[in-house]
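Hi,

Here is the structure I said I'd pass along. Have a look at it first, and my notes on what turned up follow underneath.

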Amino acid sequence: MSLYSSFEAFELDVLKEVGNIGAGNAATALSRLLNKPVDMAVPKVSLVPFEEIAERVGGSEQIVIAVFLRVEGEAPGNMFFIIEEGSARRILQQLLSINIEVQEGYTEMELSALCEIGNILAGSYLSSLADFTHLTMAPSVPAIAVDMAGAILSYGLMQYGEMGDSALLIETTFLEDCQSLEGHFFLIPDPESFEKIFRALGVVSE
């Protein structure tokens, strides 16, 4: 049975629960950081082939903001928090109350704020997954980039060699004053790590 067949049979329930708990933890962490209420909707969780990642964020030539972290430990891999420019500016203005100083590009403070948001989200989801699987997984220091989605993913490949052929996608939605702010969180385990994670979650591929 293929990984995808096993995954479909598992009905995503456990990974959805991981996403729910991660979202709750992230909302709590953001509320403390910003000293204001922050809600997060129940995230959508799916498994996508690596080659479809860029399409999910608007295509390989779409300019995006990406926060990248390397996962170290028993199930190493790569994590990307990717948001489109429009969403990034709305997050800065609505969630962080930062006035956009320039219409093109981002200031160092704006990029630092977006990097911290991605870092909190990634850490919250990774902590939830580590708790469920009882595998040690720790994020590296985050890096942020503004570039085409295809270029950012290629850079990740060059930095860490072969990546896994599938990504766990968690579509994240912040809720602020009844307006939604969306972002895409991708966990791409290394080739040998996906099986460790799924076995730990009770999914056995044959």
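Ser124 is buried, with a relative accessible area of 8%. Keep in mind that this is a predicted model. Ser124 is found in helix H5, and leaving aside residues up to four places away in sequence, Ser124 touches Gly22, Asn25 and Ala26. With Ala26 there is a polar approach as well: a polar atom of the Ser124 side chain lies 3.4 Å from the backbone nitrogen of Ala26. The label "buried" applies to Ser124 because its relative accessible area, at 8%, falls under the 20% cut-off.

Now compare a residue from the loop that comes after that helix. Is His134 buried or exposed? His134 is exposed, with a relative accessible area of 68%; that label follows because the value is over 50%. His134 is found in the loop between H5 and strand S5 (137-139). Its backbone is worth a look too: phi of His134 is near 60°, which is a positive value in a residue other than glycine.

Next, the empty space inside. I searched the whole structure, and 2 cavities of 30 Å³ or more came out.

The largest cavity has a volume of about 50 Å³. Which residues line the largest cavity? They are Val18, Tyr125, Leu126, Leu129, Leu168, Ile170, Phe185 and Leu187. Helix H5 (108-133), strand S7 (166-176) and strand S8 (179-189) are the elements that give two or more residues to this lining. H5 gives the most, with 3 residues. By class, the lining of the largest cavity has 8 nonpolar residues, with no polar and no charged ones.

The second largest cavity has a volume of about 40 Å³. Around the second largest cavity you will find Leu15, Leu129, Leu168, Leu187, Pro189, Phe194, Ile197 and Phe198 as lining residues. Here the elements that give two or more residues are S8 and helix H7 (193-200). Which element gives the most to the lining of the second largest cavity? That is H7, with 3 residues. The class count for this lining is 8 nonpolar, no polar and no charged residues. If you put the two lists side by side, Leu129, Leu168 and Leu187 appear in the lining of the largest cavity and also in that of the second largest.

Then there is the stretch around S3, S4 and H4. A hairpin joins S3 to S4 through 3 residues. Strand S3 (residues 63-73) pairs with S4 in the antiparallel sense, over 8 bridges. To find your way along the pair, start from Val67, whose bridge partner in S4 is Phe81. Strand S4 (residues 77-84) is mostly covered, with 7 of its 8 residues buried.

Helix H4 covers residues 85-95. Where do you find buried residues in H4? They are Ser87, Ala88, Arg89, Ile91, Leu92 and Leu95. H4 is followed by Ser97, whose phi is positive, near 55°. So if you are going through the backbone angles, put Ser97, with its positive phi, on your list along with His134, where phi is near 60°.

Cheers

How values were computed: Residues numbered from 1 in each chain as written. Predicted model: local features only at pLDDT ≥ 70, side-chain atom pairs only at ≥ 80, totals over all residues. Heavy atoms only, no water. 1 Å grid on protein atoms, 1.4 Å probe; cavity = no way out; pocket = protein on both sides within 12 Å on 5 of 7 lines; lining within 4 Å. Points joined across faces, edges and corners; volume = space filled by probe spheres on them. Helix = DSSP H or I, 4+ residues; strand = E, 2+ residues; numbered from the N terminus. Nonpolar A, V, L, I, M, F, W, Y, C, P; charged D, E, K, R; others polar. Buried < 20%, exposed > 50% of the residue type's maximum accessible area, 1.4 Å probe, protein only. Pairing = 2+ DSSP bridges. Polar contact = N/O pair within 3.5 Å; in protein donor to acceptor, adjacent residues only side chain to side chain. Contact = heavy atoms within 4.5 Å.
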